[in-house]
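The following explanation leads the reader through one protein structure, beginning with its internal spaces and ending with its overall form. Please consult the sequence and the structure shown here while reading.

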Amino acid sequence: MSRTHARWLLVALGVSCHSAGREAPAPLGGPPVAIRINQLGYQPEAPKVAVVCALEAQAIATFRLVDERDRTVFGPAPADAAGSFGPCAATYRLDFGALRRPGVYRIVAAGVTSLPVRIGDGVYRGAADSLLAYLREQRSGYNPVFRDSVHHRSDGVLVDHPTRDGEFIPVTGGWADASDYLQYGATTAHATTMLLLAHRDHPTAFADRFEANGLPGTNGIPDVLDEARWGLAWLLKMNPEDDLLLNQLGDDRDHAFWDVPVNDSSDYGWGRGGRRPVYPCTGKPQGLFENKNRSTGLASTAGKYAAAFALGAGAFQGRDSVFSRQLAERARAVYALGAAHPGVCQTAPARSPYFYEEDNWTDDMELGAVALHALTGEPAYLSAALRYAAQEPVSPWMGQDTARHYQWFPWHNNGHYEIWRAGGGGGSDSAGHAMAEYYRRGLEAVARRANNGFRIGIPFIWCSNNLLASFATQAAFYRRMTGDPTYIEYEAAALDWLFGTNPWGVSMVIGLGDTYPRAPHSVVAEQLKLQLTGGLVDGPVYRSIFANLRGIRLLEADEYAPFNTGFIVYHDDVGDYSTNEPIMDGAANLAYVLAARSPR
Ligand SMILES: [Ca+2]
Ligand SMILES: [Ca+2]
């Protein structure tokens with residue numbers, strides 16, 4: 001395909017072209033003060049806080065907001081000194097929550113003016129839908145961006161199976177996990193679950209502008225369900241028999257090549273561009289070469305598949321009864337498989353030491369059980385969910401400084417919210433009350449670490465933006481369950497951070513906001529010179545993590561250098577796969593968060 005043709009297609013798909021010039025987002029050479037805001041905007045009744053990051057200590061007493069004609073509409077109001085954070089020698093919180101009149105304003109403080117500040121009911125309109133563009137771009141099988149098939153003959157050959165190595169199993173489909181073309185059952189099932197929950201809980205947030213195959217058009221089905229079905233169809237292929245649970249397609253031998261997916265020349269020993277390996281969960285440590293994971297069972301993956309299948313069966317009950325019945329049957333079977341094989345099924349490393357080191361599985365079985373209860377009404381599933389819930393009340397990263405890569409996936413426990421719903425959603429039953437208290441403990445543990453100007457208390461491990469999306473999800477669940485506004489400031493801060501209220505002033509979602517990643521670690525964007533839409537990038541990491549990962553090299557001068565002097569770093573550079581690579585599961589989770597804020 002010619003480059004021009006591909007560019008035209010991306011415009012047609014709602015993806016804008018990348019302008020050649022890079023915007024200068026940081027005040028290089030200017031005053032060392034930046035006012036960071038949520039670049040999407042603020043809803044009228046929501047908390048509204050901007051944060052000043054001053055690179056040199058200085059006193060700032062007040063701030064004000066001006067309208068488009070430069071008239072002061074708010075303030076002068078006091079700027080609250082909030083100490084140092086990372087590169088910011090001083091931070092100040094600028095609270096303008098009392099300004100509720102819709103409009104476009106700018107904040108003025110210390111002689112500096114902010115980007116436009118939008119206040120309005122509709123500031124999140126369409127945002128959840130725009131994240132789906134990234135998932136369409138990541139599709140394997142028929143890919144609507146390329147209008148071509150990806151990996152349709154190569155997937156896959158069973159490996160690491162006790163008796164069936166070398167057998168071809170048809171598993172084409174699903175989404176590439178990130179900018180490589182590996183595909184994982186665990187992340188796909190979680191992403192599918194978040195899409196299904198987003199549609200169930202906030203159906204009006206999503207439009208119908210795309211066909212099932214991802215091409216522009218309407219098919220009478222909200223695009224979020226088209227995308228969820230794409231995930232479900234692949235998960236069904238990855239669980240083709242009651243006792244065959246496949247977890248991974250491809251492995252890190254993929255990383256030797258930097259090709260667009262339609263020309264993927266990865267070589268797994270069957271020739272360039274040849275067949276790809278598909279790994280089952282075995283319950284034992286896996287890895288075909290020197291590196292091994294620490295798998296102990298099947299339940300972490302089985303629980304996630306059961307949840308996605310059961311939620312999918314509910315979602316498609318009135319739309320496609322055959323598909324719905326197939327999902328319901330697979331949900332029961334894969335849940336039973338997980339119950340029989342407790343423990344975790346981690347992803348399999350090959351030549352590199354990195355893998356998804358998931359260490360918890362009761363969260364996944366809890367969600368699978370309660371989703372099956374909601375589908376079938378059978379009390380045994382609810383009893384099981386309650387038993388699993390009590391085994392891990394709080395997602396273990398909450399309140400900690402660090403964690404292994406994907407150690408506590410998926411970072412918030414969706415099952416607690418579903419148990420609360422099972423009790424009628426009133427919170428009057430003891431189980432629902434207990435679930436809310438579990439969430440509160442996790443939120444409190446993070447809030448206790450958030451005594452900084454940005455009110456951020458997560459550990460800055462790899463994929464920190466996933467943690468923020470998860471924190472915001474859990475905080476929203478808790479608020480809905482209890483009406484308790486205690487953590488609303490931290491919930492708002494998490495979302496604000498993702499859309500620009502961070503030291504770098506960067507919206508972490510490509511295409512949303514004024515300043516967003518222009519050079520993501522994405523082969524499609526880089527080779528086709530395209531600006532993709534909707535990808536949530538990994539986000540900042542501890543300096544020590546960036547310094548120690550293999551093969552990271554910045555390819556351009558760092559436009560954010562003045563803000564990369566602290567304990568965390570972020571680079572808008574195609575070479576930085578630790579902070580600037582879009583991630584499929586995080587994007588799907590954020591779609592849930594944004595859907596909840598869409599105007600009704
Ligand atoms: Ca549609
Ligand atoms: Ca888990």
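In this predicted model, the lining of the largest cavity consists of ten nonpolar, seven polar and two charged residues. The cavity itself holds about 120 Å³ of space. Its lining comprises 19 residues, and those nearest the centre are Glu-137, Gln-138, Ala-176, Tyr-181 and Pro-261. Two helices each contribute at least two residues to this lining, namely helix 2 (127-137) and helix 13 (523-528). This space is the largest of seven cavities of 30 Å³ or more that a search of the whole structure finds.

The second largest cavity has a volume of about 100 Å³. It is lined by 13 residues, and Lys-304, Asp-364, Leu-367, Pro-410 and Asn-414 are the closest to its centre. Four helices give two or more residues to this lining: helix 3 (185-201), helix 5 (299-315), helix 7 (362-376) and helix 9 (414-422). By character, the lining of the second largest cavity divides into four nonpolar, six polar and three charged residues.

The largest pocket contains about 850 Å³ of space. Its lining is formed by 39 residues, of which Asp-180, His-255, His-521, Tyr-577 and Glu-581 are the closest to the centre. Of the residues in this lining, 20 are nonpolar, nine are polar and ten are charged.

Asp-364, one of the residues closest to the centre of the second largest cavity, also takes part in binding a metal. Which atoms coordinate the calcium ion (ligand 2)? The donors are Glu-358 (OE), Asn-360 (O), Asn-360 (OD1), Asp-363 (OD), Asp-363 (OD), Asp-364 (OD) and Phe-409 (O), at 2.3 to 2.8 Å. Asn-360 and Asp-363 are thus each listed with two donor entries. Along the chain, the donors follow the spacing E-x1-N-x2-D-D-x44-F. Asp-364 belongs to helix 7, whereas Phe-409 lies in the loop between helix 8 (379-391) and helix 9; the pair therefore ties together parts that are 45 residues apart in sequence. Is each of these two donor residues buried or exposed? Asp-364 is buried, with a relative accessible area of 3%, and Phe-409 is likewise buried, at 1% relative accessibility.

Covalent links between cysteines also connect separate parts of the chain. How many disulfides does a search of the whole structure find? The search finds two. With the bonded cysteines counted along the chain, these disulfides follow the pattern 1-2, 3-4.

One disulfide joins Cys-53 to Cys-88, with an S to S distance of 2.2 Å. Cys-53 is placed in strand 2 (residues 49-54) and Cys-88 in the loop between strand 5 (80-81) and strand 6 (90-95), so that this pair links distant parts of the chain, 35 residues apart. The torsion about the S-S bond of Cys-53 and Cys-88 is about -100°, and the disulfide is therefore left-handed. Both ends are buried: Cys-53 has a relative accessibility of 0%, and Cys-88 has one of 1%.

The other disulfide is formed by Cys-281 and Cys-345, whose sulfur atoms are 2.3 Å apart. Cys-281 lies in the loop between strand 15 (276-280) and helix 5, and Cys-345 lies in the loop between helix 6 (321-340) and helix 7, so the pair ties together parts that are 64 residues apart in sequence. The torsion about the S-S bond of Cys-281 and Cys-345 is about -90°, so this disulfide is also left-handed. Cys-281 is buried, with a relative accessible area of 9%, and Cys-345 is buried at 3%.

Why does Cys-463 not form a bond with the closest cysteine? The sulfur of Cys-463 is 19 Å from the closest cysteine sulfur, which belongs to Cys-345, and this is too far for a bond. Cys-463 counts as buried, at 3% relative accessibility.

It remains to consider the chain as a whole. The protein chain contains 15 helices and 19 strands. Its radius of gyration is 23 Å, close to the 25 Å that the globule rule gives for 600 residues, so the chain is as compact as a globular protein of that length. Along its principal axes, the C-alpha trace spans about 70 × 60 × 45 Å. Of the 600 residues of the chain, 63% count as buried.

Terms used:
Residues numbered from 1 in each chain as written. Chains lettered and ligands numbered in written order. Predicted model: local features only at pLDDT ≥ 70, side-chain atom pairs only at ≥ 80, totals over all residues. Heavy atoms only, no water. 1 Å grid on protein atoms, 1.4 Å probe; cavity = no way out; pocket = protein on both sides within 12 Å on 5 of 7 lines; lining within 4 Å. Points joined across faces, edges and corners; volume = space filled by probe spheres on them. Nonpolar A, V, L, I, M, F, W, Y, C, P; charged D, E, K, R; others polar. Donors = N, O, S within 2.8 Å, 3.2 Å for Na, K, Ca; no water. Buried < 20%, exposed > 50% of the residue type's maximum accessible area, 1.4 Å probe, protein only. Disulfide = S-S within 2.5 Å. Rg over C-alpha atoms; globule rule 2.2 N^0.38 Å.
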